[in-house]
Amino acid sequence: MSAHARRRKLKPVNQADRVTRSLRALEHTASTSRVLNLLAIEAESGHRPEYGQQPLFKNKLLNTALIIKHRLRNDDLYLFDEARQTATKVIIPFDRDDLKYGGQSVFVGQRGWAQMLIEACNASGNLSRDLETLEAIDALPSLDPFLLREHLRRHRIAVAGCYFTLSPADYEAMQGFVSMEISHLIELAYRDAGGLRRIHSARLVEALLAADVDERLEPLRDTLVMEGASFREGVFSWKGFLYYKWMLTKLWPMLTDVGAEISAITVTGQRDAEADQYLEGVRKRLQGGVMVERAAIMRTLKVYDDAFESLTNNGRPQQFRDFLLRAPELFLSLGERVGVISHISSFWRYRFPKGEATSVHVDEAIDIFMDFEANLSPPPNT
């Protein structure tokens with residue numbers, strides 16, 4: 001196939017692309033759990049030495065792309081050899097100074113994606129490290145900064161901290177939540193340690209939050225009678241569960257506020273009957289869709305809660321062992337669902353700071369609502 005033919009297969013992205021609202025809208029959007037805005041990160045942190053020393057991608061065009069976790073539609077599925085629900089979309093803007101001109105996009109993992117991306121990035125050198133990084137990102141269910149950073153560290157991919165929006169305060173809060181969450185496990189494991197319990201507690205929290213599973217968790221692995229590889233994958237997914245549980249303590253109240261604002265916001269501008277009909281129904285569909293996601297999230301978290309309680313309160317490790325073996329699969333499902341509602345809340349709050357969401361033009365409202373709705377799970381029986 002000629003280079004021209006391959007370029008023609010790249011899907012153009014413009015203002016009509018409802019999947020990403022529009023590149024114009026994304027131009028001034030912060031990163032969310034479903035969008036990694038590398039163009040905005042360069043604008044904010046490009047002057048920092050660490051940005052140049054440890055970039056996410058070595059190719060400069062790719063390092064100013066938009067990375068999006070995208071729920072696949074029926075007309076996307078033919079691009080892949082294997083069945084999947086979501087994919088990582090890479091968008092290379094045609095003009096980084098004005099995104100209204102659109103860009104070229106490719107899904108990680110679609111047939112011929114590596115060569116298509118090499119051509120879109122005008123890559124003359126070796127792009128293998130960047131392709132490896134994209135494959136690592138594609139393995140995650142969302143772009144949450146904590147999990148993205150930890151996942152890349154596990155793959156020995158060193159990236160500057162400016163690419164991750166997790167603040168030191170958030171990381172400290174996350175550590176405190178993990179410590180509280182596993183306090184029963186710590187008491188069970190170190191009930192005879194006396195005054196050393198606090199030291200052991202801190203070490204176990206550090207071990208769970210570390211990039212690698214090391215000897216500090218060996219007693220737990222022995223108790224659960226697990227092989228090293230299965231244990232490592234299970235612990236990383238367990239870490240993901242703990243991160244999402246912590247994240248949801250902040251997300252649920254925020255989502256309630258955002259839902260009320262979506263219902264109350266005034267849509268301005270002229271619109272036809274079709275737009276009127278869409279706007280009339282979409283807000284109720286969004287409310288229903290968020291409730292479906294929330295119920296699924298709570299069911300998945302209950303699998304973990306029940307298994308952890310069986311281990312710590314009943315002294316039965318088998319159920320928790322079964323959970324860790326299933327954890328990687330459950331983690332992907334949980335991450336996709338949490339990512340969707342997190343994206344809705346964080347994008348809306350970024351676009352409409354608290355107390356300012358009073359009105360929005362019809363064109364932008366439709367773009368935003370279609371993006372939100374497209375990422376929610378399909379209603380039952382559809």
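**Pocket and core in a predicted model**

Colleague: How much space lies in the largest pocket, and what makes a pocket?

Modeller: About 510 Å³ lies in the largest pocket, where a volume is the space filled by probe spheres set on grid points joined across faces, edges and corners. A pocket is an open set of points on a 1 Å grid over the protein atoms alone, where a 1.4 Å probe fits, with protein on both sides within 12 Å along at least five of seven lines. This is a predicted model, in which local features need pLDDT of at least 70 and side-chain atom pairs count only at pLDDT 80 or more, while totals for chains, interfaces and linings use all residues. Residues are numbered from 1 along each chain as its sequence is written, and side-chain values use heavy atoms, with hydrogens and water left out.

Colleague: Which element gives the most to the lining of the largest pocket?

Modeller: Lining residues have an atom within 4 Å of a point; α12 gives the most, with six residues, and Pro145, Thr165, Met247, Ser342 and Ser346 lie nearest the centre among the 25.

Colleague: Why are the buried residues of α5 said to be on the same side?

Modeller: In α5 (residues 113-120; a helix is a DSSP run of H or I, at least four residues), Trp113, Met116, Leu117, Glu119 and Ala120 are buried, meaning under 20% relative accessible area with a 1.4 Å probe, protein chains only. Because they cover an arc of only 160° around the axis, taken from the directions from the helix axis to the C-beta atoms, they are on the same side of α5.

Technical notes
Buried < 20%, exposed > 50% of the residue type's maximum accessible area, 1.4 Å probe, protein only. Helix = DSSP H or I, 4+ residues; strand = E, 2+ residues; numbered from the N terminus.
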